[in-house]
Amino acid sequence: MANSVNISVEAPIENQIQEITYDGQEIYQAPLSMSENLARLAQKIDFSKTEDEFCNIKKEGESSLDVKSEEDKEPGYQSSLWPWDSVRNKLRNALTEVCVLADVLSIAKEKRYMVLDPIQAEQIESRPMVQVYGRKKALSAAGAVLLNGVERLRASETMRMTRNMPDFHIDLLRLRQNWRLKKVSNTIVGDLSYRTAGSKFSQTGVFEVTKAPEEQIAQAMSMNATGPAPSALRVTVPPELQGVAFISVLCQKEQEDVVTATLSSSALNCPGTLPGEGAELHWQQKLEAAQNVLFCKELFARLAAEAVQLDASIPHMVVGNQIMATVLPGIQLLIGLCHNNGQNNNNPEGVKSEGSGNKSEHDHVLEHSLHQLLRAVHHSNTHHPFPHPASGPLGPSKRRSLAGPMAADRYELLEMSKEQSLLEQIIQQAQHFFMRRRSEYVLDTIAKEVKDPLIVSHWNALNSPTQSCVKINIMAYGYDAVCRTSLVVHVGEKTLKCICRDGKVRHLSYELQELRDLIYCQIYQHQMTAVQAVGRCMGWQLLASSSHLGSGPVEPLGNASSCLLASPNGDRMIAIRCEPSVGIQVFIAQSPRKDFFVSELVQDKKWENLGGAFKEVKLEKMEGKNFLNKMELLMACLSSPL
């Protein structure tokens, strides 16, 4: 055809579909590579067919090609129906040769049908003595190298033992037992940071370990002959971690130091001075000091960041290496970072280190808390609570995981998400310290001022950093079995919770006067209760009692209380009035009539006893150890007939 068009038949572009997912997505097979395609085509070759069958296939192919016109064939071109014809022929030839070779080898090995004559090889002149001498020379050369190394090691060990030189490898082994080391190229570096413990501080604690020169070791040994041998190691720490650092906590009240706590390493002699100044430090002390500097810097950096972020009623201030926070009205908390690297002392103003002229009272609780709080943060960073259920996300607590099934409201969710910072916890502990100290001062002062009754305070030894408990017993000497008044005071951060004997709960603020008023009221209520208990033992009758007496002047402190007792015969009465500002007043009265005549209407004598005028009794002139003893003697005297 004159206008013929060439049509190319190609394989489809799309690959075969391997899988159809549930959402309708089709996953295609990857296209075959050249080697995989060749292997697939080679598998179609049938090597079992003979040459005659192959010729027949070719003839059939030629007969089918006769349909084509002779004009289309190019001269000198001979087509083949099977493109692998040459490959097949070569493989058959190779198979024939291999079979012939296998037959020859079997004949030569079995020697049944044919025997092959061996070829006489040329005899090599053997010289055994030459070989012996050559091997001996080689062994002597190798032995000389080994002996030379042994002599050098022996000489080095002898010299070290003679001069008592330390061994570098032994010291390196000891260093690896306590610190993390790794080899980078030709240097040995270590890490003294707290990252493996959960720290996220950005500053690195990388130090380098080198071998000290023998001249320096010998010089150090000659200078310190009696002391311990110097180390063969030299550790190089970064300049910012050299020296000694500590955290100083001061609570100031009107520019007067009240309490101080210092965070320092136990291996250091003094927080403000370098240990062993003037001499080379041991590598263990040097690394411990550097690690302590890193810990203090991390602690101060975290506190400074929290002080800036916290929204307090009185803003916290961060000036240089010092943090100022308000604990209570008139009382400030100063947290400072002191770093002494031997060149300059970065001591903030107002922070005095231990050993200085101004000695402040040291609180070990705050010192322990400074260690404990940051280490608790490190522990929480690496120890996350297990998810509930096990397939849940890692991180939320069990309470937050159950917030959905338990239908927690917004308030409960907000309470779960709240976390206290380190600075807030330190401030709360400082507030509790002052509340506890003020409570102790009030109780001790009242115990000194009031001799009768006795006031005994029992502080609970097992307390939390922000909660303490004290039990107050009010009793009289010799009458503790008759009457005893007990109350419990829970000392918190800014408030006091008092649980009285009658079960009433009173909440007090941080003012000292409120606790003082409460204790005085409890003292005089105890006196009234104790007098009534003694009167019942003596047979006296209680006529009236009031813990809040409305008559008389208004008391500036507490309330006045009173009680009225009658003798067993009813002819005498005792009136007792307790006023916090005046004290205890005792009045007695007796019936003016001495004779009694029984009538039909009046059978009992008490109806003929008319109250007379009350007279005050001077208690200070009476005999008795305390108030209850005097009242017991007074009741005994008034009960006897005249």
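**Strand pairings, cores and cysteines**

Leu496 has Leu508 in strand 17 as its bridge partner. The model is predicted. This briefing covers the pairing around strand 16, an open sheet, two nonpolar cores, the cysteines and one glutamine. The sheet has 4 strands in the order 3-4-5-6, and the largest nonpolar core has 52 residues. The structure contains 0 disulfides.

**Strands 15, 16 and 17**

- Strand 16 spans residues 496-499, and its covered face consists of Leu496 and Cys498.
- On the uncovered face of strand 16 are Lys497 and Ile499.
- Strand 15, residues 485-491, runs antiparallel to strand 16 and is joined to it by 4 bridges.
- Within that pairing, Cys498 of strand 16 lies opposite Val489.
- The link from strand 15 to strand 16 is a hairpin through 4 residues.
- Strand 17, residues 505-508, also pairs with strand 16 in the antiparallel sense, again over 4 bridges.
- A hairpin is formed by strands 16 and 17 too, with 5 residues between them.
- In the turn of that hairpin, Gly503 has a positive phi of about 90°.
- Leu496, which belongs to the covered face of strand 16, is the residue bridged to Leu508 in strand 17.

**The open sheet of strands 3 to 6**

- Strands 3, 4, 5 and 6 form an open sheet in the order 3-4-5-6, with antiparallel pairing.
- Its edges are strand 3 (180-184) and strand 6 (233-236), each of which pairs on one side only.
- From one strand to the next, the twist averages 30°.
- Strand 4 (residues 187-191) and strand 5 are antiparallel and share 4 bridges.
- Ile188 has Val209 of strand 5 as its bridge partner.
- Strand 5 (residues 206-211) is in turn joined to strand 6 by 4 bridges, also antiparallel.
- Opposite Glu208 in this pairing is Thr236 of strand 6.

**Nonpolar cores**

- The largest nonpolar core holds 52 residues, and the members touching the most other members are Ile247, Leu287, Leu333 and Ile335.
- Helix 7 (residues 283-309) supplies the largest share of this core, 12 residues.
- A second core, separate from this one, has 44 residues, including Tyr479, Cys483, Trp540 and Ile574.
- Leaving aside residues up to four places away in sequence, Leu287 touches Leu175, Trp179, Leu192, Phe207, Val235 and Val237.

**Cysteines**

- No disulfides occur in the structure, the total being 0.
- Cys500 is in no disulfide, and its nearest cysteine sulfur, that of Cys498, lies 6.5 Å away.
- That separation does not qualify, because a disulfide requires the two sulfur atoms to be within 2.5 Å.
- Cys500 has a relative accessible area of 7% and therefore counts as buried.
- Cys637 has a relative accessibility of 52%, so Cys637 counts as exposed.
- Cys498 is on the covered face of strand 16, opposite Val489.

**Gln428**

- Gln428 sits in helix 11, residues 422-449.
- With a relative accessible area of 16%, Gln428 is buried, because the cut-off for buried is under 20%.
- Gln428 is in contact with Gln420, Thr466 and Glu493 when residues up to four places away in sequence are not counted.

Key:
Residues numbered from 1 in each chain as written. Predicted model: local features only at pLDDT ≥ 70, side-chain atom pairs only at ≥ 80, totals over all residues. Heavy atoms only, no water. Buried < 20%, exposed > 50% of the residue type's maximum accessible area, 1.4 Å probe, protein only. Pairing = 2+ DSSP bridges. Core = buried A, V, L, I, M, F, W, Y, C linked by side-chain atoms within 4.5 Å. Contact = heavy atoms within 4.5 Å. Axes fitted to C-alpha atoms, helices over the stretch in contact; angles between N-to-C directions.
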